[in-house]
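Hi everyone, thanks for making room for me today. I'd like to walk you through one model, so please have a look at it on the screen first.

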Amino acid sequence: MNADDDFDLIPGLDRTPAPPARRRRAPWWDRLSIYLPLILMGVLALGSYWLLRATPKAPEPEPAKPASGEPDYFMRRFSVRNFDANGQLRAEVQGDEARHHPDDDRVEIDRARVRNFGDNGSTTVATAQRLTTNADNTRFVLEGNAVVIREGGRDAQGQPLPRLEFRGEYLLIETEPQERVSSDQPVELIRDGDRLNAQNMVYNGETGQADFKGRVRVQLLPRPAP
């Protein structure tokens, strides 16, 4: 007799073997957590792809456009003055209208009037229907009833300077490399009352010499006998 036989003696004891225990399944959220990182990576990848498709392309660099010849700013009925370090007036420019052209940095002035005060106290006045100056103000073109008057005075050595007046439809004033007044059109030069007309002219302001070409006509005032 063994120990199992002892249990057989107990009335009502069921000796049928118990069924194997069923494994408990994990909740659905636990199973989902296993795949959540993969799902998130997929969502991020799709989002990045959508952003790349939705983002507009950067504009391609455009070639530099040449500066326009049209005026980019205006001044009307203006007066501009220039003073030196000591507060002395050196130049004044007036006009009905000024236009700046960005293509070559020139300035055009309608009905221009320019006054310049030299170191020796002499005054030069220039007027014209139109005045055009370059970027560094070393070249001035006067067109239409152009007049340049340099009042008499004395030079740096104290020598007297005659009054000079230039008249014509076209005058070119240059300050570099040397000061000169020239014209390739008919011009009139008045020097202390003497008149000289020529087809063209070049006047050197440093030497005081004038070179006339073409047909020249001279009218001299009588001088008193010494």
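Let's start with E188, which stands opposite N197 in β11. Strands here are DSSP runs of E with at least two residues, numbered from the N terminus. β11 covers residues 194–198 and runs antiparallel to β10, with 5 bridges joining them; two strands pair if DSSP finds at least two bridges between them. This is a predicted model, so local features need pLDDT of at least 70 and side-chain atom pairs count only at pLDDT 80 or more, while totals for chains, interfaces and linings use all residues. Residues are numbered from 1 along each chain as its sequence is written, and side-chain values use heavy atoms, with hydrogens and water left out.

What does the turn of this hairpin look like? There are 2 residues between β10 and β11, and D192 in the turn has a positive phi of about 50°. D192 is a residue other than glycine, and its 43% relative accessibility makes it partly exposed. For the cut-offs, buried is under 20% relative accessible area, exposed is over 50%, and partly exposed lies in between, using a 1.4 Å probe and protein chains only.

Now the other neighbour of β10. Strand β8, residues 164–174, is joined to β10 by 5 bridges, again antiparallel, and F166 has L189 as its bridge partner. As for β10 itself, residues 187–191, 4 of its 5 residues are buried.

There is another positive phi to look at. N145, not a glycine either, has a phi of about 50° and sits in strand β5. With 48% relative accessibility, N145 counts as partly exposed.

Moving along to β2 and β3, these pair in the antiparallel sense over 9 bridges, with R99 opposite E108 in β3. They form a hairpin with 4 residues between them, and D105 in the turn has a positive phi of about 65°. β3 also pairs with β4, antiparallel over 10 bridges, and there A112 stands opposite A128.

Now for the pockets, where I suspect you'll have opinions. A pocket here is an open set of points on a 1 Å grid over the protein atoms alone, where a 1.4 Å probe fits, with protein on both sides within 12 Å along at least five of seven lines; lining residues have an atom within 4 Å of a point. The largest has a volume of about 1500 Å³, volume being the space filled by probe spheres set on the points, with grid points joined across faces, edges and corners. Its lining holds 50 residues, and N116, T124, F140, I173 and T175 lie nearest its centre. Which strand gives the most to that lining? That's β2, with 7 residues.

The second largest pocket has a volume of about 290 Å³. It is lined by 19 residues, with P162, L164, R191, Y203 and G208 nearest the centre. Elements giving two or more residues to this lining are β10, β11 and β13 (210–213), and β11 has the largest share, 3 residues.

Last, confidence. The chain averages a pLDDT of 75, and 66% of the residues score at least 70; pLDDT is the predictor's confidence in each residue, from 0 to 100. Over residues 25–33 the pLDDT is below 50, and beyond near neighbours in sequence this stretch has 3 contacts in the model, a contact meaning heavy atoms within 4.5 Å. Thanks for listening!
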